[in-house]
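Visitor: Could you take me on a close look at the part of this model around the ligand? I would like to hear what surrounds it and how it is held in contact.

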Amino acid sequence: MRAIRVERLGPPDVMQLQDTPVPSPAPGEVRVRVEAVGINFADALAVAGEYLTRTRVPYTPGMEFAGIVDALGEGVQGVQVGTRVAALGGSGAMAEYATVPAAGLIPVPQTLSGAQAAAFPVSYFTAYHGLKTLGRGEAGEWVLVQAAAGALGTASIQLAKALGMNVIALASTDEKLEIARTLGADVTILQDDPDRVKKVRDAAGGKGVPLILEVVGGKRFQESLDMAASRGRIIVIGNASREQANLRPVELMKRNLTVTGLWLTSLMSDAPATAEAARALAELVGSGKVIPQVGPTYALDQSVQAFEDLLNRRTTGKVIIEP
Ligand code: NDP
């Protein structure tokens with residue numbers, strides 16, 4: 001089968017298309033014929049060796065995918081060959097076939113296409129945990145969504161609106177802000193608007209924003225603190241700027257701010273939190289209130305281009321690779 005292999009860490013062009021054996025499912029695993037791979041910022045960081053966990057080479061990237069169950073390993077029960085599933089694993093999805101523990105499968109409404117199903121797990125679970133599990137957002141509250149036209153951003157806007165919240169969206173271009181408005185953002189502001197801090201605070205009634213999903217980091221992290229309301233909750237989800245941020249604890253103290261980190265990988269082992277997110281998301285996706293946003297789609301041999309477009313802010317929605 002064709003698969004992307006990474007033998008040394010670095011920029012996207014270290015990825016190579018190779019012929020590799022079709023994997024056999026180990027006991028407890030299923031093999032999936034991959035229809036679509038969701039590409040996350042984390043995949044690009046992992047290939048660069050800059051992710052939160054150490055990347056061991058050689059390996060095949062791709063943590064999130066959807067496809068058709070093709071073979072069952074010994075002992076697997078309750079999974080049917082021929083059904084469409086989404087999966088969240090550590091790596092290995094940028095290939096024609098991937099194996100994954102049956103426990104890592106995420107049931108998806110069969111009404112979703114392969115690309116929509118692949119666009120779903122990482123962004124929507126992360127958005128749910130940011131808005132609800134950790135953010136404790138309530139209907140009627142304002143939330144600030146950064147990188148609003150990206151995969152996580154579009155998921156966050158849709159979910160926040162479905163949960164009855166008011167959304168302020170930040171993004172780098174007018175085209176991206178238009179996408180945010182289409183998804184229901186109430187207020188949209190250019191990320192580089194010189195008056196952005198005041199505009200954001202004013203939009204949320206002049207007192208600042210009670211809940212912020214922070215994904216840019218670096219000097220923008222300080223701005224998030226400035227945009228927050230007294231007692232605001234800032235959920236740190238990403239560091240797309242790849243810059244260091246300064247945090248002065250006294251500032252948190254003075255304004256009773258809360259800064260909370262969110263990493264989906266570690267939250268997935270919290271069974272009750274995962275079950276609650278899965279229940280809420282299944283209801284919202286099943287009823288059509290939330291529609292996973294598929295972005296640009298690439299073939300496997302265009303993987304380098306896909307990663308470069310994502311890193312260089314040229315994409316909106318979830319970047320998809322179809323093997
Ligand atoms: P996106 O589709 O959102 O793409 C990244 C976006 O980040 C860009 O489009 C860009 O939007 C914005 N951005 C801001 N500053 C920069 C910069 N200096 N360089 C590049 N991009 C920048 O990607 P994802 O949805 O995959 O991820 C969004 C963020 O959320 C990432 O930081 C990612 O690591 C994080 N994340 C974290 C998770 C967790 O478990 N903690 C899970 C999922 C995502 P614009 O042009 O509008 O500024």
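Guide: Happily! Of the 25 residues around the ligand, those that come nearest are Ser 172, Lys 176, Leu 262, Leu 264 and Arg 313; a residue counts as near if one of its heavy atoms lies within 4 Å of the molecule. Bear in mind that this is a predicted model, where local features need pLDDT of at least 70 and side-chain atom pairs pLDDT 80 or more, while totals for chains, interfaces and linings use all residues. Residues are numbered from 1 along each chain as its sequence is written, and side-chain values use heavy atoms, leaving out hydrogens and water.

By character, the shell around the ligand divides into 15 nonpolar, 8 polar and 2 charged residues (Ala, Val, Leu, Ile, Met, Phe, Trp, Tyr, Cys and Pro count as nonpolar, Asp, Glu, Lys and Arg as charged, and the others, Gly among them, as polar). Domain 1 (2-120 + 292-322) and domain 2 (123-266) each give at least three residues to this shell, with bounds from an automatic or database domain assignment. Helix 3 (121-133), helix 4 (151-162) and helix 11 (303-311) each supply at least two; helices here are DSSP runs of H or I, at least four residues, numbered from the N terminus.

Now for the polar contacts, pairs of N or O atoms within 3.5 Å. A polar backbone atom of Leu 262 sits 2.8 Å from a nitrogen atom of the ligand, and one of Phe 41 is 2.9 Å from a ligand oxygen atom. For Ala 240, a polar backbone atom lies 3.5 Å from a ligand nitrogen atom. Taken alone, the ligand exposes 900 Å², and the protein buries 91% of that (Shrake-Rupley method, 1.4 Å probe).

Key: Polar contact = N/O pair within 3.5 Å; in protein donor to acceptor, adjacent residues only side chain to side chain.
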